[in-house]
Structures are given as C-alpha cells and as structure tokens.
Amino acid sequence: IKTFGYFDVFVDGKSVNFSSAKSKELLALLVDRNGGVVSTEQAINFLWEGRAYDETVQSLFRKVLRSLRATLEEAGIQEILVDNRNQRSIDKTKFSCDYYELLENGKSEKVKYFGKYMDQYSWAQATKEQIDEMFK
C-alpha cells in the first residue's frame, strides 16, 4: 500500500481497481488509522464531512463497505480488512505500507517520503503534518 503522494493499493505489482472512490477512501482512512478501530459514525464523518448522520448516509456507507469488501476479495486480499459490527480496522500484518515503514524505521534510507501523504484526502493533512515534523 502506497500512501506517499496519492493513496494506491498494489497486488503483485498491479494497481487494484476500486469501483467506488468512497470505498478506496474508506480503506485509506483505515490505513491512516494505523490498525486502530474506526466506528461507522467516525467513518461517515470523514467520508461525508458535514453531512447529517442519518439513515440515508448510513445506507450509503453500507454500500461503500460492500464495494470495498468486493474489491478486496476480487484482488485476493480480503484478509486485510477486519470487519466487526459497527467497527472496522485493518490487519497491518497482512501487507506492506510505506507509511508503516516510516513509523517503524524513521528516516532510514528505505523510506522514500517526499513531503506528500494521501494528497487526495483532506482529512489526511493531520497525519502529513505529523510526518513532516519527523523530518524537521
């Protein structure tokens, strides 16, 4: 999983195609949380910022989650998603990720951070600022 620059997922060197931009964003959010649990309400607040937490948006979220599950299954990597009722996370032991390598190894030569982190998502700015602090 690549987080520096834009968020992308690769399996055997090939990019995973997400049928829904929101399902890709949900996975990005889970990766950003570094294995931590994200509730349905938290995910909705990030994915549909400013939108009321009502039945309509909850239904949208369920569709996004189904799309994410289908995409991961099609790519053969469904085991990275930990999906419990109202709580989701990722299993960090099931994939490699540039962000996690940075957290583990700091500013080693292995890490290729160039000042950009999940640029397509505004909510990732807080993590980018933390990473930037490591390089000051």
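The following legends describe close-up views of helix 1 and its surroundings in a predicted model.

**View 1. Helix 1 and its ends.** Helix 1 comprises residues 21-32. At 1.5 Å a residue, its 12 residues should span 16 Å, and the C-alpha atoms at its two ends are indeed 16 Å apart, which agrees. At the start of helix 1, a side-chain oxygen of Ser20 comes to within 3.2 Å of the backbone nitrogen of Lys22. Just after helix 1, Asn34 adopts a positive phi of about 60°.

**View 2. Burial of helix 1.** Of the 12 residues of helix 1, 10 are buried, so the helix is largely enclosed by the rest of the structure. The buried residues include Leu26, Leu27, Leu29 and Leu30, as well as Lys24, Glu25 and Asp32.

**View 3. Packing of helix 1 against helix 3.** Helix 3 is formed by residues 55-75, and its axis lies 8 Å from that of helix 1. The angle between the two helices is about 80°; they are therefore roughly perpendicular to each other. Helix 1 contributes Lys22, Ser23, Leu26 and Leu27 to the contact, while helix 3 contributes Phe61, Val64, Leu65, Ser67, Leu68 and Leu72. Seven of these contact residues are nonpolar, two are polar and one is charged.

**View 4. The surroundings of Asp32.** Asp32 belongs to helix 1. Its relative accessible area is 4%, under the 20% limit, so Asp32 is buried. The side chains of Asp32 and Tyr117 are joined by a polar contact of 2.6 Å. Leaving aside residues up to four places away in sequence, Asp32 touches Tyr99, Tyr117, Met118, Trp123 and Thr127.

Note on methods
Residues numbered from 1 in each chain as written. Predicted model: local features only at pLDDT ≥ 70, side-chain atom pairs only at ≥ 80, totals over all residues. Heavy atoms only, no water. Axes fitted to C-alpha atoms, helices over the stretch in contact; angles between N-to-C directions. Helix = DSSP H or I, 4+ residues; strand = E, 2+ residues; numbered from the N terminus. Parallel < 35°, antiparallel > 145°, perpendicular 65-115°, else oblique. Contact = heavy atoms within 4.5 Å. Nonpolar A, V, L, I, M, F, W, Y, C, P; charged D, E, K, R; others polar. Expected span 1.5 Å × (residues − 1). Buried < 20%, exposed > 50% of the residue type's maximum accessible area, 1.4 Å probe, protein only. Polar contact = N/O pair within 3.5 Å; in protein donor to acceptor, adjacent residues only side chain to side chain.
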